[in-house]
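Me: I'd like a close look at a single part of this model, please. Could you pick one strand and walk me through what surrounds it?

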Amino acid sequence: MSLDESPVIVVPATPTSNGGLHVGHLAGPYLAADVYARYQRARGRFVIHTTCTDDSQSYVATRAAKLGIAPADLASDSTAQIAQAFSALGATMVGLPPIDETYRRTVLDFVTAQHGAGVFELRTVRFPFARRAGACLYDALVSGNCPTCLAQSSGGACEACGHPNNFDELLDPYYTLDPTDDVEYREVEILVLPLERLRDQLVDHYARHTPRWRPNARDLIAELMANPLPDVPVTVPGDWGLPAPFAETPGQRLYPWIEAMPAIIYSTWWSAGELGRPAGRTDQFWLADTRPTVAYFHGYDNVFHWGMLDLAMLLSHPQGYATPAVTVTNEFYELDRSKFSTSRNHLISATDLLDRVPRDLARFYLTLTAPEFQRTNFTEADLQIVVDTRLVQPWNRLAAALAELNVPDGTVLPVSTAGRDRTQAMVGRLRRHYDDERFSPSAVTDTIATQLDRLACHRIDPDTVADVLAQVQTLLAYAAPVLIDVTDTLAGAGVRLRIDDGPGDKVTMFRLPMLPATFGQPDPAAGTAGPAAARAS
């Protein structure tokens, strides 16, 4: 199978169906994954951009209890809100797959095969329980202090430092739904996945791939690998999630993080079918022989789960699956200098922002300010200033200059050697930021803004317009994964926007539409690309 035939599987972290998406989610994995998927598709690759809702998470059950509704109803309502947010963003995913019988069978077949291969071990462990409620406390059901960094934390993994905490490891635990309920410890026999048994395989994978990871995620993996690796629960006592299919643990549920990897395998199969590439096996596109390029997008707080546990699930499976070649992590996006939080209602919903701000302008700002290496902060005042000064004003100056130029639309113009050289230099910078080794939507968007301002300041007359247009045309091709609506409009009007084209020696005269102001103006997709935007030579 050639490179172009092998799939690119783009996986943003599975959203928990305990509410809709907020702006912090968009600026984290979801917009970055969409930009990456669009760029890979523009390169001619077959891209499966996919995720599915994480309905079995205990965060669904705890939020539903606080709202006084059934967890299944919350999951259903939240899935609809999440799908609406992805649509408003313009994400290239074909939709969210149903959590149906095929989903359940895929998950259970995956873990049953691991169980049959002796991957899991039966252990007696200590769990905290809420005495009055009788509830086993894990993940969202338990709160306390992280044993590694001492920060306030839920069970499972600490948001602050990223280290896992399972079983009885959380300090000063209390029942999240009722802090007055006394906590007691009980011994429970469960199945676990011993990560230490997979150390050699993990070391080999990390040696080949983590040098390309962002520093904080790479450092966390190094910290984890420097100590004995934990046992991860495979089953837990509980009343929400998929029933565990193992005779040794009657009445228990699959630990939701164990469910995540086969869930993505299922969603890949479903999405490929929606794209016209159905497969007989639900795991077809993940088989090692298929040679997919797998790209993960997730937050720093999920490095342990997505960067180690899900990898261990793939490495330990007897079938032989592909593993992620690209891992892109993000830090927290803050709102008024405090982390976006659904549970604290400290957020701006994704659909609310995209209802008020034209989509291209919102995508520009969120990619530019994305928290790639450290926390960044969102304010609407900053959005308006940055977008107006770095995108709308230079774009519209350039559009006005082209509109006033007395060169008929459709005129074929020769591009000078200097114009081709400058175009090629610009391509080199943009490709560098799109490259898997250092993928950075923020750097892409910053380069777009810098080049746009340079071109807007250029003297444009009949003698220089060809060189300017050649550069604008190429810049738009590389901006298309970010500025999706205005570039779709231009492409629909016949402007050739292809990233694989080298600098040509001719360009056909075209015009740019004006961009709207940041708030309260119509979307640029409703406009036109000028009186007669024409295909470039």
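Reply: Happy to; what follows is a walk around strand β13 and its neighbours. Please keep in mind that this is a predicted model.

Let's begin with β13 itself, which covers residues 293-299. Of its 7 residues, 7 are buried, so the strand is largely enclosed by the rest of the structure. In a regular strand the side chains alternate between the two faces of the sheet. In β13, T293, A295, F297 and G299 point one way, while V294, Y296 and H298 point the other way. The residues of both sets are buried, with "buried" standing for under 20% relative accessible area.

Now to the neighbours. Strand β1, residues 8-12, pairs with β13 in the parallel sense, over 5 bridges. Two positions help to place this pairing on your screen: I9 stands opposite V294, and P12 stands opposite F297. Strand β14, residues 326-330, also runs parallel to β13, and 5 bridges join the two. Here G299 of β13 stands opposite N330 of β14. To get from β13 to β14 the chain passes through helix α8, residues 303-315, and this β-α-β crossover is right-handed.

It is worth following β1 a step further. Its 5 residues are buried, 5 of 5, so β1 too is largely enclosed by the rest of the structure. V8, V10 and P12 lie on one side of β1 and I9 and V11 on the other, and both faces are covered. That puts P12, the residue opposite F297, on one side of β1, and I9, the residue opposite V294, on the other.

Besides β13, β1 has strand β2 as a partner: β2 spans residues 47-49, runs parallel to β1 and is joined to β1 by 3 bridges. V8 has V47 as its bridge partner in β2. Helix α1, residues 23-42, belongs to this part as well, since β1, α1 and β2 make a right-handed β-α-β unit.

To retrace the pairings: β2 is joined to β1, β1 pairs with β13, and β13 is joined to β14. If you colour the model by burial, β13 and β1 should both show up as buried.

Key. Residues numbered from 1 in each chain as written. Predicted model: local features only at pLDDT ≥ 70, side-chain atom pairs only at ≥ 80, totals over all residues. Heavy atoms only, no water. Buried < 20%, exposed > 50% of the residue type's maximum accessible area, 1.4 Å probe, protein only. Helix = DSSP H or I, 4+ residues; strand = E, 2+ residues; numbered from the N terminus. Pairing = 2+ DSSP bridges. Right-handed = clockwise from strand over helix to strand, strands pointing away.
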